[in-house]
Amino acid sequence: MKNKGYFISFEGIDGSGKSTQIQKLAGFLKSVGFEVIVTREPGGSVGGEEIRKLLLQGEVDRWSAEAEILLFTAARRDHLEKIILPAIDDGKIVICDRFTDSTRMYQGMRVPNLRNLVDTLNEKVINLDPDLTILIDIDPEIGLKRAKSRKTVEERFEDFGVDLQLKMRKGFIELAKEFGNRIEVVNGQQSVDKLAQDICSLVKVKLL
Ligand code: TMP
């Protein structure tokens with residue numbers, strides 16, 4: 001029987017450099033012989049990617065935070081069923097760009113008192129925590145500048161502005177204390193290569 005796989009999520013405010021670091025970590029893990037799947041939220045499965053378009057495009061006030069929680073959770077459930085759980089059962093390492101912690105922050109903190117709804121739904125229909133979460137911490141001004149310079153159609157959350165990013169950064173740091181057993185904070189304001197080394201060292205401790 002195959003060993004069970006391992007689930008790593010990356011979190012951070014917009015423009016924190018997650019995608020670049022995920023590619024570097026995946027490359028390293030493959031080079032030492034692991035089977036790795038890189039995926040993202042919202043999205044990752046066909047249904048999840050359809051919901052992604054609804055969530056990330058359009059006007060800022062297109063959805064309330066409550067409606068967003070339901071949509072993000074629906075996308076996550078589909079992603080879990082179709083991609084994440086089968087890969088973990090198959091002994092693979094899954095690296096996911098964002099997971100439930102993003103909903104805890106972007107929806108659970110944007111409006112007061114919504115964190116409970118996120119946690120309740122998570123417990124009822126997701127019920128999976130990453131084995132390890134890498135939180136890339138970065139100054140929101142720098143992050144937002146980077147994110148906006150990409151000029152994609154997926155800018156709905158960036159359009160909430162720097163105040164939301166400031167709130168998210170603070171919230172993520174608090175979350176890292178709350179889930180100190182799995183969330184590791186790394187400094188996103190160093191060179192790409194130095195940050196990649198820091199992340200590799202953390203992952204090596206867990207996997208090698
Ligand atoms: P990204 O793919 O560039 O990280 O963008 C995804 C956006 O979606 C980002 O602004 C954060 C937002 N988001 C939420 O608001 N809640 C969630 O649960 C997830 C997964 C993402």
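# Exercises on the ligand site and the hollows around it

The ligand occupies the largest pocket. Keep in mind as you work that this is a predicted model.

## Exercise 1: The shell around the ligand

Find which residues come nearest to the ligand, and sort the shell by class.

Solution.
- Step 1. Start from the neighbours: a residue counts as near when one of its heavy atoms lies within 4 Å of the molecule. There are 14 residues around the ligand, and D14, R98, T103, Y106 and Q107 come nearest.
- Step 2. Sort the shell by class. Six of its residues are charged, five are nonpolar and three are polar.
- Step 3. Now look for the elements behind the shell. Helices α2 (46–56), α3 (65–89) and α4 (100–106) each contribute at least two residues. The most comes from α4, with three residues.

## Exercise 2: Polar contacts and burial

Work out how far the side chains of K18, R98 and T103 are from oxygen atoms of the ligand, then find what percentage of the ligand's area the protein buries.

Solution.
- Step 1. Recall the cut-off, which is a pair of N or O atoms within 3.5 Å.
- Step 2. Take the side chains in turn. For K18, an N or O atom of the side chain is 3.0 Å from a ligand oxygen. For R98, a polar side-chain atom is 2.7 Å from an oxygen atom of the ligand. For T103, the corresponding distance from a polar side-chain atom to a ligand oxygen is 2.6 Å.
- Step 3. Turn to the area. The ligand taken alone exposes 480 Å², and 92% of that is buried by the protein.

## Exercise 3: The pocket that holds the ligand

Describe the largest pocket by its volume, its lining and the elements that build it.

Solution.
- Step 1. Begin with the volume, which is about 550 Å³.
- Step 2. Next comes the lining, made of 28 residues; closest to the pocket's centre are D14, K18, R52, L56 and R98.
- Step 3. Two or more lining residues come from each of α1 (18–31), α2, α3 and α4. The largest share belongs to α4, with three residues.
- Step 4. Finish with the classes: 13 charged, eight polar and seven nonpolar residues line this pocket.

## Exercise 4: The second largest pocket

Which residues lie nearest the centre of the second largest pocket, and which element gives the most to its lining?

Solution.
- Step 1. This pocket has a volume of about 160 Å³.
- Step 2. Its lining counts 13 residues, with S16, G17, T20, R146 and V192 nearest the centre. Both α1 and α8 (192–207) give two or more residues to this lining.
- Step 3. Helix α1 gives the most, with three residues.
- Step 4. By class, nine lining residues are polar, two are nonpolar and two are charged.

## Exercise 5: The enclosed space

How many cavities of 30 Å³ or more does the structure hold, and what lines the largest cavity?

Solution.
- Step 1. The structure has one cavity of 30 Å³ or more. The largest cavity contains about 40 Å³ of space.
- Step 2. Its lining is formed by G12, I13, L135, I136, D137, I138, R169, F172 and I173.
- Step 3. Strand β4 (132–137) and helix α7 (162–178) each supply at least two of the lining residues.
- Step 4. The classes come out as six nonpolar, two charged and one polar.

## Exercise 6: Two backbone details

Locate P42 and R98 among the elements, and describe the backbone at each residue.

Solution.
- Step 1. P42 is in the loop between β2 (36–40) and α2. The peptide bond leading from E41 to P42 is cis, with omega near -10°.
- Step 2. R98 is in the loop between β3 (93–97) and α4. Although R98 is not a glycine, its phi is positive, at about 80°.
- Step 3. Link this back to the ligand: R98 is one of the residues that come nearest to it, and a polar atom of the R98 side chain lies 2.7 Å from a ligand oxygen.

Definitions and conventions. Residues numbered from 1 in each chain as written. Predicted model: local features only at pLDDT ≥ 70, side-chain atom pairs only at ≥ 80, totals over all residues. Heavy atoms only, no water. Polar contact = N/O pair within 3.5 Å; in protein donor to acceptor, adjacent residues only side chain to side chain. Areas by Shrake-Rupley, 256 points an atom, 1.4 Å probe, with all protein chains shown as cover. 1 Å grid on protein atoms, 1.4 Å probe; cavity = no way out; pocket = protein on both sides within 12 Å on 5 of 7 lines; lining within 4 Å. Sits in = over half its atoms within 2 Å of the grid points. Helix = DSSP H or I, 4+ residues; strand = E, 2+ residues; numbered from the N terminus. Nonpolar A, V, L, I, M, F, W, Y, C, P; charged D, E, K, R; others polar. Points joined across faces, edges and corners; volume = space filled by probe spheres on them.
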